[in-house]
Structures are given as C-alpha cells and as structure tokens.
Amino acid sequence: MKNFLRQLRPALIALAILTVICGGVYPLVVTAVGQVAFNDEAEGSLIKVDGVVVGSELIGQQFVSPQYFHPRPSAAGAGYDSGASSGSNLGPRNPALLDAVAERVAEYRTENGLSNDVLVPVDAVTASASGLDPHISIANARLQASRVADVRGLDVALVLQMIGDHTDDRNLLVLGDPGVNVLELNLALDRLTS
Amino acid sequence: MSPAGWFQFAALLAVLAITVPPLGKYMAAVYGARADGSAPGDRVFGPIDRAIYKICRIDHKREQRWNIYAAAFLAFSFVSFLAVYAIQRFQGSLPFNPTNVADVSPQGAFNVSVSFVTNTNWQWYSGELTMSHFTQMVGLTVQNFVSAAAGMAVAVALIRGIARRNARTLGNFWVDLVRTTTRILLPLSFVMALGLITQGVIQNLHGPTSAKPVDAVATQQVTQEIPGGPVASQVAIKQLGSNGGGFFNANSAHPFENPNGISNFIEIWAILAIPLALAVSYGYLVGSRRQARVLLAVMVGFWVLFSMFSIFAEQVGNSQLDARGVTQAQSTQQVGGNMEGKEIRFGPSACGLWAGATTGTSNGSVNCMHDSFTPAGGAMPMAQMMLGEISPGGVGVGLIGILHYALLAVFIAGLMVGRTPEYLGKKIQAAEMKLVVLYIIAMPLALLGFAAASVSLGSVTSGLQSQDAHGLSEVLYNYASAANNNGSAFAYVGTGTDWYTTTQGIAMLIGRFFLIIPALAVGGSLVRKQKVPATSGTFPTDTPLFAALVAGVVVIIAGLTFFPALALGPIVEHLTR
C-alpha cells in the first residue's frame, strides 16, 4: 500500500503530460495536416450540387421514389439516420429477421416487376452493419435498372452502363469488395435528365 | 471464399511477414536489447523522453523490483480511471461539445472508465450520441495510448524476468511507459492516421454538417446530418493499441472510420502488427530468435485457422434465407454470403479476416456485426477469445498469455519425464506454477461466473433477443469479451443496464489485473534465478514439437473449460433448423 501511494504522484504527472501529448498535440497536429493536405477527405468527402451540400460520397442516403435506385435496408435510427449508425444485430435464426427478409423479398419483386421465381440478391433484403452502407451489389442494381429506366424514359442499356460507371471496384484488385455507389449513381441520373 | 478473398488473405500475410520483423527489432532496441541501451531515433526522441522524466521527476536510471513495478502500474491505472470518470461526468460543461451531449451516468461512466483503462474498450453506448469530442480526445484517445503502453511495459518486464539472471529488478515502469508511447505508438499512429485520411476517414473538430438529401420530399428526411470529429487520429491508435473502441456506434463498419478496401487492409494490419512484433522483440531480448519463432508459429497458426473458418462459414450464408427467395451465391455481380450486418465493401472475406484478427488479439473493433453471424461463424470469434487471446493476443498481454501457456507446457512435459522443468535455463518450480495457474483460471472464472449469474436472473434474460441458444451465445460472448479485455459484442443486448455495466466492469478488472499482477510476480520470481546449463535431459523449447505442445495445452484448457457452454450456445443453434 505504501508503495502504491508513493507511485501516485508520478502517476498523476505522467498522465497529465501524456494527456497533453496524446490527447492534445497528437490529434491537433493530425487535424492540421489533414485539413491542409487532404481537406476534402478530412471534411467527409462531401458532395455539393449548386453549392449546396447534398450528402457524402461515403455515407448512404435513403431513396424511395421510383426514379431512383434504392439502397439497402437500414437499422440506423428510422433508416439512414447518419447520427445513429447501427446494424440490426438480429441473430441468424431470429424470426424477426426471417419475417423481415420475406417481406422485403415480396416488396422488392413488386417494386421492380419481377416474377416470383426471380431470386433476390441477399444485400437487397438485409440490413448493413452501419446502417449507412453507401453501396448496393451490382446484381441488385441491375435488377432495379429497368424500373428506373422506365420511369425516367431512358434506354435500359444506358442505365446499365451508368451502373458500371458508378461501380467502385476492389482496391488494388483484391482489397475489399465491389459495389455500386447509390447516391452518386442517382445524382448522375438527375444530371442526365434535368 | 472468393479468389480475391484468397489474394487479400495472402497479401496480408505477405505484408505482415515483411513489416513485422523490422518493427520487432526496432521495438527490442527501444526496450534495451542493445548492449549500450541505445535505440534508433535517440537523437529525436531522447530529448523528449528526458524532458518528460524531468517534469515527472522520474529517475530513469533507477530500476524497480516486481512489486514496485506492479505498484506503479496500479497507481497509473487508478489515476487514469479517476480522470476518465471525471471527464465523462462533467463533459456537459467542458469544451468541444458541439452536439451538446449530457454528462454520462455514474454506472455508465464507471463501465467506460474501467473499459478504456483496462484496454478493453467495451462500449455500452453509442459514441456519436453519448460522448463529446473532448471526452473522445482527452479521455478516450489518451487511454488508447497509455493502456496499450502499460500492457506492453508489463510484457517487457516479464521478458526481463526470463532473460536476466541473479537479478532483482524488472526495469522501470515509467520509462517503459513513456518510451512505448513516444517511440512506438505515437509515430506509428501519426503515419497511420494520415494514411486513413487519404482514404476518406474524417478528421475535423466541428459538429455535423447538414446536408439536403436528394430524395428529401418522398423520404421525409429533410436533412442528413453528416457527422464530424477527430476520427482518424482515434481510429489509428484504436487499432494499433488493441483498443477497438469506435468513434461511432458502428465502429469500423462506419464509412467514416473505414471507407474502403485499403483502409480496411491498413486497419487489419494495424490490429496484428504490434502483438506479432512484440513476439519478435522477445526473441531479441532473450537472445534466441528460435524461441520467438515457436511462439509466433502458435499465434499465427491459430489465427489463420480461425479466420479461414469464419470466412467459410459466412460465405456459405444463412441457411434460413435460401427458402425465402434470396440468393446468397457468389457471382461476378455479388459477393454473396450472409450479408445481414455486413457492408457491401466488406463481404464475408474482409469480414471474417477482420473477425479473426480482432478476437485473436484483444482489439474488439468490428467491421461487421458479430451478433448477426451464422452460428458457426459466430462461434469462431467467441472461441478465439476463450483461448485467452493468444493468437496473437493484445499488445503486451498476448505475449504474456502465450508465455504462461509455454510455462505450463514445459511443466507438463517435465511431469511426463520426471524432471524439474526448465524454460530458457530457468527452473520452473512451485512458486511460478501457482502463479501461472492463478493467471489461467482468473479469466474463465470471471467469464463463466458472471454468465451463469446472468442467465439465472429473469430480469437479465428478458433483455436477450431470444430465450434460446442464441440468447445464451449473447451472454457468453459478451462476458468472454469483457473478461478477455476484448470489447467486441453480440450487440443486440441492451448492455447499458446497471447489471451489465457493473458486472462487466468487474469482469474487465479481473481480466486485466488478476492476470497482469501474477504475470509480474512470475517475472519477479524468475529474475532471481540462476540459469542452469542445458543438458541432454533438457526439454528443448525451440522446436516444432514444443510449438505443438503449447498449442495442445491451449486447446485442452480452453476445451475442457468452455466446451459445455459452447455446446449449449452456438453448437445447438447451428444444429437447430
């Protein structure tokens, strides 16, 4: 106990000085360098349209109108609440999950005019980890393409090509997995038809 | 596993094989491997270190016996606990609070303080909703550094106990703490934080930016609040220091913590680099790199096997979805697999690889949600924690863990041939074995004890997502995480209740201090011993046979302890259709 008490003074001073270095100097220097050298990224890769911030390249956004590609189901708040990132955390056998999947499958088929024997890509009916997934799978996007093309009066081939243009491939060919950036694709469609 | 997934795994192994040996050699020099005590970068770091010693009035040439070393470690942890507690309790009145979050409740603050001081980083709360930028930077980021540094310091003290002969002291805790922070953690974190920013991890000091969503009218979401904060600086050290506490609730699944495949790769590397490098340093410090290779082989062997198992299980997918019109098949157009709780950019390969790394170490950060794993996939991270996190384990504590299993292995080998066991020329006797046993039973006692208490309380089980095998898995996983200072979660359970915050706080304390104090005592006991020369009857500890023996001891102990519980949890769940 005496040994312990004797070490309290150096403990206090050491913590204070390490707090200044690790909790003050370090994050502030990283912030300064990041803001100067990589301002866009440090600020959140924001997308502006006519000077107005409409979202971030990296953060998913909710879309329900038929002329837009729709993102994955989301468990962040009421859905795509970027102030409350979250997955559903439902277990693989939980009836709540299985019922929700069955319901989403039916909705997805109706929405996109698919027959009952079309298998729905798994990402279209499952909630992502963050609830803010900016991507959908290529398979999911292609199944939505004819709906979007119809509503917008566009050629399906053009829409399919735009899906390809807004697909983020694996980094360095092998790192991570590919996906279609929903917000960027939808913005590109708006630019095309406006 | 997809072909790209195989290449990603291979690339990680290759990058680790290239980077870990030099890092381990550098760290060994920092901890005094060179005869003259010099280390690379002395000209830069020497003056900084000496200035810190001067302010703290530490006599850096004076070494400590194990009990003083332990007292210093405890005093530092205690003061840290009080500081983090106080910051949370008053964060409402402190600066850098752009979202006006309130003070944290007493039980909640207790849990968080214990969690970050013990290097667990269990998070019952949602980062973006509960903590101010000030708390994240000055409270939590600081603990990410110093709790990691303290764990590494203790590992080095134990190594000195093995390496030195006829000595009394194990080094100076304050010197080890400061040098670890300034010379290893800070430079690596700085470079990594900048690397993460280039990939899109945010780093600013303001609150959220209001965006005007594109489909605002139809969705009735009038604004989207794009979060802000000093994220990159915290994520870098959270991975390097086996911390794992996310800035955001979704942890490293959040696009602002982990935006793409490159950031994901950097972060997985960072989780594994220092724990593996410290084992390399061990080889230099005891003067036998073959000894270190044996331990590394066990660490990497477990990690690779568990990771691959998890990747396969997640790629197969959730058998329940096949009958519901869903395709989980892998193709050129989708990665497939069990995508509930996974991001598109991190499918089963990236996700299983991360799960193996984060639970093989005591990191606990996640890039996908473990609660939604398939039963087999979810059993893997749980079992890896139950092994005691030695594959390769947290910074410092992983090496401490495997050294204890090595001591147990030589003891068992000694029993088999009827000789006094030796490890690196040190006789292993009753005093050490009692401490090793204490070390090894503390974690299972805390894990199973609290898990058993929890499932016998109706008020606790009613909070689980189901009253069946999966519910039991949740309880087991969460106490495995707390007692091993991991911090990952089966996160469906609302762990913000008084029962969880308190009992998990105690489990974390046991998992940290009831392991580290015996470890220091082992060091203190070994350091006094003479080295006996190896004879033809000495059991060699630098051979593949010994690696197999250590691995066998790890599996048998964990198996005997946890198999019944695992059988009732994930195994039953897997077999239930």
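Here are some questions and answers about a predicted model.

Q: How many aromatic pairs does the structure hold over all chains?
A: Let's start with a count. Rings of Phe, Tyr and Trp pair if their centres lie within 6.5 Å. Over all chains, the number of aromatic pairs is 21.

Q: Are the ring planes of A:Phe63 and A:Tyr68 stacked, edge-to-face or tilted?
A: The ring centres of A:Phe63 and A:Tyr68 are 5.0 Å apart, and their planes meet at 50°. Planes under 30 degrees apart count as stacked and over 60 as edge-to-face, with the rest as tilted. The angle of 50° therefore makes this pair tilted.

Q: Is A:Tyr68 buried or exposed?
A: Buried means under 20% relative accessible area. Its partner A:Phe63 has 2% and is buried. A:Tyr68 has 6% relative accessibility, so A:Tyr68 counts as buried.

Q: What kind of aromatic pair do B:Phe450 and B:Tyr479 form?
A: In this pair the centres of B:Phe450 and B:Tyr479 are 5.9 Å apart, with 20° between the planes. Planes under 30 degrees apart count as stacked. The pair of B:Phe450 and B:Tyr479 is stacked.

Q: Which helix of chain B holds B:Tyr479?
A: The pair links distant parts of the chain, with B:Phe450 and B:Tyr479 29 residues apart. Both of these residues are buried. B:Phe450 sits in helix H15 (residues 430–455) of chain B, while B:Tyr479 belongs to helix H17 (residues 469–483).

Q: Which residues form one aromatic cluster with B:Trp174?
A: Here you can look for several aromatic residues of chain B. Together with B:Trp174, one aromatic cluster is formed by B:Tyr69, B:Phe73, B:Phe76, B:Phe173 and B:Phe513.

Q: How many salt bridges are there over all chains?
A: Side chains of opposite charge can pair when their charged atoms come close. A salt bridge needs a side-chain nitrogen of Lys or Arg within 4 Å of a carboxyl oxygen of Asp or Glu. By this rule, the count over all chains is 14.

Q: How many residues apart along the chain are B:Asp42 and B:Arg183?
A: The side chains of B:Asp42 and B:Arg183 meet in a salt bridge, at 2.7 Å from N to O. B:Asp42 lies in helix H2 (residues 42–56) of chain B and B:Arg183 in helix H7 (residues 173–199). This pair links distant parts of the chain, and the two residues are apart by 141 residues.

Q: Is B:Arg183 buried or exposed?
A: Its partner B:Asp42 is partly exposed, with a relative accessible area of 29%. Under 20% is the cut-off for buried. B:Arg183 has 3% relative accessibility, so B:Arg183 counts as buried.

Q: Which residue forms a salt bridge with B:Glu63?
A: B:Glu63 lies in the loop between H2 and helix H3 (66–89) of chain B, and its partner is in the loop between helix H6 (133–163) and H7. B:Glu63 counts as partly exposed at 36% relative accessibility, and its partner does so at 24%. The closest N and O atoms are 2.7 Å apart, and the partner is B:Arg164.

Q: What relative accessibility does B:Glu343 have?
A: The side chains of B:Arg345 and B:Glu343 meet in a salt bridge, at 2.7 Å from N to O. B:Arg345 counts as buried at 3% relative accessibility. B:Glu343 also counts as buried, and its relative accessibility is 0%.

Q: Which residues gather with A:Glu57 in a patch of negative charge?
A: A:Glu57 is in the loop between strand S2 (52–56) and helix H3 (95–111) of chain A. At 35% relative accessibility, A:Glu57 counts as partly exposed. Gathering with A:Glu57 in this surface patch are A:Asp40, A:Asp168 and A:Asp169.

Q: Which residues form a positive surface patch with B:Arg293?
A: B:Arg293 lies in helix H11 (residues 289–316) of chain B. The other members of the positive surface patch are B:Lys25, B:Arg34 and B:Arg289.

Q: What is the area of the nonpolar surface patch made by A:Val20, A:Val25 and A:Val29?
A: A:Val29 lies in helix H1 (residues 2–37) of chain A. At 36% relative accessibility, A:Val29 counts as partly exposed. The nonpolar surface patch that A:Val29 makes with A:Val20 and A:Val25 is about 230 Å².

How values were computed. Residues are numbered from 1 along each chain as its sequence is written. Chains are lettered from A and ligands numbered from 1 in the order in which they are written. This is a predicted model: local features need pLDDT of at least 70, side-chain atom pairs count only at pLDDT 80 or more; totals for chains, interfaces and linings use all residues. Side-chain values use heavy atoms; hydrogens and water are left out. Patches are made of residues with over 30% relative accessible area and no salt bridge: like charges are joined within 9 Å, nonpolar side chains (Val, Leu, Ile, Met, Phe, Trp, Tyr) within 5 Å. Accessible areas come from the Shrake-Rupley method with a 1.4 Å probe; for residues, only the protein chains shown count as cover. Lys and Arg count as positive and Asp and Glu as negative; His and the chain ends are not counted. The place of a charge is taken as NZ of Lys, CZ of Arg, CG of Asp or CD of Glu. Helices (H or I, at least four residues) and strands (E, at least two) are DSSP runs, numbered from the N terminus. Buried means under 20% relative accessible area, exposed over 50%, partly exposed in between (1.4 Å probe, protein chains only). Rings of Phe, Tyr and Trp (its six-membered ring) pair if their centres lie within 6.5 Å; planes under 30 degrees apart count as stacked, over 60 as edge-to-face and the rest as tilted.
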